[in-house]
Amino acid sequence: MLTSNGYELDTSTARLGELRPVPDRERTDLPALRSRFRREGYLFLPGALDPDAVRAFRRYYFSSLSGTGLTRPGTDPGDGIAGPGEPDRAALRSKLFRDVVPGSTYLDFCTQPAIRAWYEWFLGSDAFLHRRKILRHIRPGERGVGTATQAHYDLVYIREGTDQVLTSWIPLGDCPVDQGGLMYLEGSHVWARAEVAGGLRRPAASITADVRTLADDVDGRWLVCDYAAGDMVVHSAYTVHAALDNVDNHSTIRLSTDIRYQRRDHPVDQRWQQHWHDRDGL
């Protein structure tokens, strides 16, 4: 049984499917890749990044937050094993938003050639990275507003620029389904685009935490998979997604980042040009 924000997704129902990777034959076929993206609203690119570079950043992240109680003392920071009890939230937030988020190590990771050059190739233009880049660590058992990602599409949060802004969701380490990776609502980019074109302006908030009922309402399937270090998913601003709960029984913390690229010559949402902070109101 999989859950998201505590809501069950029965694996025996027709409301679950598998996230489909881009076949090798399409990886370098730009017209085919763009056609696939328009059709499905996402591109799942296993092995797009160097797994060792991903694991190195994971180790850097948890090492940078040492002393906060986030990880278990005496364990390898790269393993990301949750510490006992609650971490020191003030110390954690200070290190995260003072050092890690605005730091050069994070920027270098997000602008590595495997990401930036890919976007310039796919967009056919100089690519612009939004400064507001988000890192999420989710310990087993954590859920709820401010922690778990509820069902939404990105345009409701970043609507003051182009609607052609693209998101990369990158698991920072292996992330099987029981660690709470992202799932995507199949075909949702079609009806989300239609509702925006029809004048519906959703508030900057999630659609719902009840992902099972949403799938029933739109007669859709949530697409899930086991992710590995080096995988990347690119999704459109209209594609509905949510996170599964981290129910890992080895106390492994799920770590991921989501970053946004667009053509540099398209309108930019200026609200997203400051470093991410959990109290920035976006």
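In this predicted model, R36 is a buried residue, with a relative accessible area of 4%. Its charged side chain takes part in a salt bridge with E26, in which the closest N and O atoms lie 3.6 Å apart. The two residues belong to separate elements: R36 sits in helix α1 (residues 30–40), while E26 is found in the loop between β3 (16–18) and α1, so the contact ties together parts that are 10 residues apart in sequence. E26 also counts as buried, because its relative accessibility of 13% falls under the 20% cut-off. The pair is not isolated, since a network of salt bridges links R20, E26, R36 and E40.

A search of the whole structure returns 24 salt bridges, and two further examples are worth a look alongside the R36 pair. One of them joins the side chains of D154 and R260, with an N to O separation of 3.3 Å. Here D154 lies in the loop between β6 (134–138) and β7 (166–171) and R260 in strand β12 (residues 254–263), so this salt bridge ties together parts that are 106 residues apart in sequence. Both partners, D154 and R260, are buried.

The other example brings together E186 and R221, whose side chains meet at 2.8 Å, N to O. E186 is placed in the loop between β8 (182–185) and α6 (188–197), and R221 in the loop between α7 (211–218) and β9 (222–224); the pair therefore ties together parts that are 35 residues apart in sequence. As for accessibility, E186 is partly exposed at 38%, and R221 is likewise partly exposed at 33%.

Attention now turns to a pocket. The second largest pocket has a volume of about 330 Å³. It is lined by 17 residues, of which F37, R38, F122, Q164 and L166 are the closest to its centre. Several elements contribute to this lining: α1, α5 (113–123), α6 and β12 each supply at least two residues. Helix α1 gives the most, with 3 residues; this is the helix that also holds R36 of the salt bridge with E26. Strand β12, which contributes to the lining as well, is the strand in which R260 lies. By class, the lining of the second largest pocket comprises 7 nonpolar, 5 polar and 5 charged residues.

Terms used
Residues numbered from 1 in each chain as written. Predicted model: local features only at pLDDT ≥ 70, side-chain atom pairs only at ≥ 80, totals over all residues. Heavy atoms only, no water. Salt bridge = Lys/Arg side-chain N within 4 Å of Asp/Glu carboxyl O. Helix = DSSP H or I, 4+ residues; strand = E, 2+ residues; numbered from the N terminus. Buried < 20%, exposed > 50% of the residue type's maximum accessible area, 1.4 Å probe, protein only. 1 Å grid on protein atoms, 1.4 Å probe; cavity = no way out; pocket = protein on both sides within 12 Å on 5 of 7 lines; lining within 4 Å. Points joined across faces, edges and corners; volume = space filled by probe spheres on them. Nonpolar A, V, L, I, M, F, W, Y, C, P; charged D, E, K, R; others polar.
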